[in-house]
Amino acid sequence: MESAIRGLVLDSSVLVAAERAKLTTPEVLRNIRATAEVGDAPIVISVMTVAELAHGIYRANTPERRERRRQFVDELKTHVPVKRDRAVPYIGHDTRQNSKPTRSTPSH
């Protein structure tokens, strides 16, 4: 049966946990495909996730940890496409044509 999932965007928390567990990118992808039932749906990462992982490289407290994180991110980017599509920014209203503005703060 074909998966109903059209694609999966990996969150940085999943990747940080994988890096801490010293998993390789192929191991991470195999584990996700086996447990998330995504079938052959594409798995991608967002540019924001790459930025968050890069911040983790910067924050590493030892040169060894910094290098291990850098290698993990480099390997990840060779196996998983980075989603670079422009996101629709939140500007306080619906950007669809003929829609009414929405409140950006909760009403009391």
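## A pair within α4

R70 and E67 sit three residues apart in helix α4, about one turn of the helix. They form a salt bridge, with the closest N and O atoms 3.8 Å apart. An α-helix has 3.6 residues a turn, so residues three or four places apart point the same way. Keep in mind that this is a predicted model.

How much of this pair is open to the outside? R70 has a relative accessible area of 36%, so it goes down as partly exposed. E67 comes out at 37%, which also makes it partly exposed.

## E19 and its two arginines

The structure holds three salt bridges. Apart from the pair inside α4, we have E19 to look at, and here E19, R68 and R69 are linked in a network of salt bridges.

Start with R68: its salt bridge with E19 has the closest N and O atoms 3.0 Å apart. This one links distant parts of the chain, since E19 belongs to helix α1 and R68 to helix α4, 49 residues apart. Then there's R69, whose side chain meets that of E19 in a salt bridge at 3.9 Å, N to O. Again the partners are in helix α1 (E19) and helix α4 (R69), so the pair ties together parts that are 50 residues apart in sequence.

Which of the three residues are buried, and which is partly exposed? E19 has a relative accessibility of 7%, so it counts as buried. R69 is at 17%, and because buried means under 20%, R69 counts as buried too. R68, with a relative accessible area of 30%, is partly exposed.

## Helix α3 and its two sides

Now for α3, which covers residues 47-59. Its 13 residues should span 18 Å at 1.5 Å a residue, and its end C-alpha atoms are indeed 18 Å apart, so expectation and model agree.

Where do the buried residues of α3 sit around the axis? The residues in question are T49, V50, L53, G56 and I57. They cover an arc of only 115° around the axis, which means they're on the same side of α3. On the other side of the helix, M48, Y58 and R59 are exposed.

What does the buried set pack against? The list has three strands, β1 (8-10), β2 (43-46) and β3 (82-83), plus two helices, α1 (12-20) and α4 (63-79). Those two helices are also the ones joined through E19 of α1, with R68 of α4 as one partner.

## The sheet under α3's buried residues

The three strands form an open sheet, ordered β1-β2-β3, and the pairing is parallel. β1 and β3 are the edge strands, each pairing on one side only. As general background, strands of a sheet pair through backbone hydrogen bonds, either parallel or antiparallel.

Zooming in on β1 and β2, they pair in the parallel sense over three bridges. If you want a spot to click on, V9 stands opposite V44 in β2.

How does α3 run relative to these strands? α3 lies across β1, β2 and β3, at about 65° to β2. That fits with the packing list, where β1, β2 and β3 are among the elements that the buried residues of α3 pack against.

Conventions: Residues are numbered from 1 along each chain as its sequence is written. This is a predicted model: local features need pLDDT of at least 70, side-chain atom pairs count only at pLDDT 80 or more; totals for chains, interfaces and linings use all residues. Side-chain values use heavy atoms; hydrogens and water are left out. Helices (H or I, at least four residues) and strands (E, at least two) are DSSP runs, numbered from the N terminus. The expected span of a helix is 1.5 Å times one less than its number of residues. Buried means under 20% relative accessible area, exposed over 50%, partly exposed in between (1.4 Å probe, protein chains only). The arc is that of the directions from the helix axis to the C-beta atoms. Contact means heavy atoms within 4.5 Å. A salt bridge is a side-chain nitrogen of Lys or Arg within 4 Å of a carboxyl oxygen of Asp or Glu. Two strands pair if DSSP finds at least two bridges between them. Axes are lines fitted to C-alpha atoms, for helices over the stretch in contact, and angles run from 0 to 180 degrees between N-to-C directions.
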